[in-house]
Amino acid sequence: MEKRESETNKVVKGLLHPVFPVLILVLFLGIASVLKFGIDRQDRHQLENNLANEAQAVAVNLEREFLAHVQAIRRMAKRLEANPDMTEELWSQDARNYLDDFGVYQALEWIDPQFVIRWLEPVSGNEEVIGYNVAFSPERRKALEAAQANGTIDVSGVVDLRQGGTGLVIYVPVHSGDENKGFIAGVFLMETLARQLLTSRVLDDFHISIFEGGALAYELNAGREFATDYSHTVEVDLPTVDWSLSITPSTTWVNDRKSIWPWVTFISILFMGIMISLTTLLVQIVLKRNRALLKTRKELELEIDQRKAVQQDLVRLESTDALTGLANRRFFMEDLTHTLSIADRQMRQVALVMMDLDRFQVLNDTLGHQFGDELLIKVSERLNSLSNEKILVAYSGGDEFMICQQHVDSLDDVIYLLGQIKQCFAEPFEVQNQAHGITATMGIALYPQSGLDTDTLLRNADIALYRAKDQGRNTYQFYTEGMQEREVMRLELDKDLSQALANNEFVLHFQPQVDLESAEIHSAEALIRWQHPQRGLLPPIDFIPLAEESGRITEIGRWVVMAACEQLARWRGTAFEQLRIAVNLSGRELDDEGLVDHIQEALEAHNVPPGQLEVELTEEIFIQNIEHNLNQLSRLHKLGVHLAIDDFGVGYSSLGYLRDFPVDLLKIDRSFITEVTERHDDAVITRAVINLAHNLGIRVVAEGVETMEQLAFLKDHHCDLAQGYLISRPVPAASLEKALREGTMVTDIPADSRI
Ligand code: C2E
Ligand code: MG
Ligand code: MG
C-alpha cells in the first residue's frame with residue numbers, strides 16, 4: 001500500500017517536473033517533423049511524377065513532330081524521285097510551299113550525290129551554304145554514304161550551322177543505291193525547332209537540355225532560375241540520333257505544385273504540442289499552487305490542532321486539582337451533568353461515591369499540612385488507578401474525594417467498586433518515612449433512585465457519608481429514603497449543639513460498676529445526655545459524632561470532666577464519698593494539648609483527688625499519633641488519674657501497646673459479653689482478655705452485662721468488675737444515690753441461682 005503510494009507520488013512528482021511540458025513540446029516537434037518529412041517525400045514524389053510526365057510528354061511531342069518533319073521531307077524526296085527532271089525552279093516552288101506549312105525549317109536543301117548543297121530555299125540568309133559539302137567529316141561522310149546506299153534517313157545531330165547558330169539537319173536520300181540522286185535536307189535551327197515543338201507552357205516552366213550521346217547538345221531557357229534539384233531525363237527515340245532530354249522545372253512551377261500540407265501538418269502539430277505543453281504547464285502551475293494551498297492548509301490545521309491542544313491543556317489545568325492531579329470539583333460536576341444526561345438516554349444507573357478520609361483532620365492538625373498534603377497525594381495516586389473511561393475520580397478539597405461510576409447495571413457493580421476503593425486502603429501509606437494505616441468512609445447515591453440531578457445526588461451522597469461516619473467510620477452507606485430527614489435533623493442538631501453548652505442542656509447519667517469479688521459498687525461511668533428543649537433527652541450517639549465532626553467535642557469534654565468533678569465534690573462527706581467516676585474521652589479530645597491541664601484544673605477546682613477520676617479511651621488512640629497520645633496519657637497517669645481502655649477487643653491495634661501505655665483498666669466490649677454464655681469463641685476471647693490483663697497487672701471490667709448468666713460467667717472467670725443494665729441503667733446522680741442507699745441494685749448472684 002505504502003509502496004504504491006510512493007510510486008504514485010513519484011509519478012505525480014514527475015508530472016509536475018518543469019521538464020515535463022518541454023518533453024511534450026519536443027515530442028510534438030518530433031512527430032510534426034516526421035510527418036512533415038513523410039508528406040514532403042510524398043509531395044516530392046508526386047512532383048517528380050509530374051515532372052516525369054512532363055518530360056515524357058515533351059519527348060513524345062518531340063518525337064512525333066520530328067517524325068512529321070521527316071515524313072514531309074521524305075515526301076519532297078519522293079516527289080523528286082518521281083520527277084527526276086524537276087527544275088530548280090519547281091523544286092524551289094515545292095520547298096517554299098513546305099516552308100510555308102512548316103515554319104520550323106531554317107532551310108530546305110537539295111544536296112547532290114557528292115554531298116554538295118546545290119539548291120536551297122530560302123536563299124536569303126543561307127547564300128553561303130550553296131556549294132558546301134556536308135560530308136565535312138569522315139563520320140558525316142560515312143553516315144551519308146550509308147543513308148545513300150540504304151535509302152534510310154540520316155540526321156546530322158546538333159551541329160554548328162554554316163548559316164550560324166546550332167541546328168540539326170535531316171537528310172532523306174532521293175533513291176537509294178546507285179540511283180541515288182542526292183538528298184533532300186531539312187535544316188532546323190534548334191532554337192526554332194524547340195520553340196515550335198514545345199508549347200509555351202513547357203517553355204515557360206522548364207529549362208530543357210538536350211543531350212546527344214550523353215553530351216549536352218542544346219539548352220533552352222538557360223540562365224533563368226530553376227529548381228535544379230528537380231530534374232528529369234528521358235530518352236528521345238529518334239532515328240539515327242542518340243538523344244536524351246532533361247527538363248528542370250522553374251522554381252515557380254515547383255512552388256505552384258508544392259503542397260502546403262507538410263507545413264500545415266507541421267505547424268498544426270507543433271501548435272498542438274505548444275498548446276498541450278502550455279496546458280500542462282498551466283495544470284502544473286495550478287497543481288503546484290493547489291499543493292502549496294494544501295500544504296498551507298495542513299500547516300494551518302496543524303496550528304489549529306496545536307492551539308486546540310494548548311486550549312485542552314488549559315482546560316485540563318482548569319479542571320485538574322493542582323495538588324493531587326485528580327479532576328477538581330468543578331470538572332467533576334460538569335462531567336456528572338453530562339453523564340446523567342447520557343445515562344438518562346441509555347436507561348442506565350450512575351453511582352456517585354463521596355469519600356472522606358477518616359481522622360484526616362486530626363492528622364493534618366497534629367502532623368502538619370506538609371504531612372496532610374503528602375498523604376493526600378499518596379491516596380490520590382491509588383484512587384487514580386481506578387480511573388478509566390467509566391470511572392472518574394476527583395478531589396473536592398479537604399479530605400474529600402468524589403468518584404463517579406458512569407455505567408451501573410446492577411448494585412453489584414457498585415459493590416465491586418467499593419471493594420476496589422477499600423482495597424486502595426488495605427496497605428498502609430508511607431508518608432514522611434512512616435507507615436500510616438488510613439481508612440475511609442463513603443456515602444453513595446445512585447442515579448436515578450437517589451436523585452435526578454447533580455445537586456440532589458451530591459447532597460444525598462453527602463448525607464449517606466455522614467450516616468456512614470455516624471456508624472463508626474471505615475465503612476460505607478448507601479443513601480436511602482428517610483436519610484434526608486435524618487440529615488435535616490442532624491443539621492438542626494448541629495445548630496442547636498452550639499447553644500447547648502451555654503443553655504446548660506447537658507446532663508450526666510451514671511452507670512455503676514460492681515466489684516464482682518465484693519459485690520460492692522466503687523465506681524460509676526458518667527454518660528452524657530442532652531436535654532434537648534424540643535426533642536427531649538438525646539443519647540450520645542445522636543450528637544457526639546456531630547460534636548466530633550465540628551470540633552465542639554473539646555468543649556463538651558471539658559464540661560463533662562468539670563461536671564464529674566463537681567459531682568465528686570458533691571459526694572464528698574456523704575456515703576458516696578469513695579465512688580470513682582469514669583468519664584469518656586474521644587480520641588479527638590486527646591489531641592487537645594490543654595486536656596491534661598484542664599483536668600488538673602477541674603480536679604483542683606473541686607478539690608478532688610485525681611485517683612477518683614478515671615478516663616475511658618478507645619483503642620483508636622493507639623493507631624495514630626502514638627507518640628503524642630502516649631505523652632498525654634503519661635501526663636494523666638502522673639497526675640494520678642486512672643486510665644481505662646473502652647470497648648476493648650473491637651479495635652484494630654495490636655496488644656503490644658498495653659505494655660507501653662499506663663493502663664489501669666480494660667473494658668471488654670459489650671459485643672463479647674452479649675453472647676458470652678452462648679458462643680464459645682466469645683467465651684474464649686473474654687477469658688483470654690481477662691487472663692492477659694491480669695498478667696499485665698491490669699483490672700478488667702465487662703460492659704453490657706444484662707443477665708445473671710453473664711454475671712455468673714464473669715464472676716467465675718475472675719473478671720474484676722461488671723457494668724450493665726442488669727445492675728443498673730445509666731441514671732441521674734440522684735437515682736444512683738437512691739439505689740445505692742436502698743441497695744436495690746443487683747450486685748451479686750443470688751446464692752440459690754448458682755449452679
Ligand atoms: P460506652 O462508653 O461504651 O458506654 C457504654 C454504653 O453502653 C452506654 O451507652 C450505655 O448506656 C450502654 N450500656 C450499658 N450497659 C448496657 C447493657 O447492658 N446493654 C446495652 N445494650 N447497653 C448498655 P450510651 O450512654 O448511649 O453511650 C454510648 C457511647 O457514647 C459510649 O459508649 C461512649 O463511647 C459515648 N459517650 C457517652 N458519654 C460520653 C461523653 O461524655 N463523652 C464522650 N466523648 N463520649 C461519650
Ligand atoms: Mg465508656
Ligand atoms: Mg464501652
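**Exercise 1.** Describe the second largest pocket, beginning with its volume and then turning to its lining.

*Solution.* The second largest pocket of this predicted model has a volume of about 310 Å³, where a pocket is an open set of points on a 1 Å grid over the protein atoms alone, at which a 1.4 Å probe fits, with protein on both sides within 12 Å along at least five of seven lines, and lining residues have an atom within 4 Å of a point. Of its 14 lining residues, Leu367, Gln434, His436, Asn625 and Ile626 are the closest to the centre. Next, consider where the lining comes from: strand S14 (434-436) supplies the largest share, three residues, and helix H19 (626-639) supplies at least two, strands being DSSP runs (E) of at least two residues and helices runs (H or I) of at least four.

Residues are numbered from 1 along each chain as written, and chains are lettered from A and ligands numbered from 1 in written order. Local features need pLDDT of at least 70, side-chain atom pairs count only at pLDDT 80 or more, totals for chains, interfaces and linings use all residues, and side-chain values use heavy atoms, without hydrogens and water.

**Exercise 2.** Identify the protein donors of the magnesium ion (ligand 2), and find which residue bridges this ion and ligand 3.

*Solution.* The donors (N, O and S atoms within 2.8 Å of the metal, or 3.2 Å for Na, K and Ca) are Glu525 (OE), Asn584 (OD1), Glu616 (OE) and Asp646 (OD), at 1.9 to 2.2 Å. Asp646 is the bridge to the magnesium ion (ligand 3), and the two ions lie 4.0 Å apart.

Terms used. Points joined across faces, edges and corners; volume = space filled by probe spheres on them.
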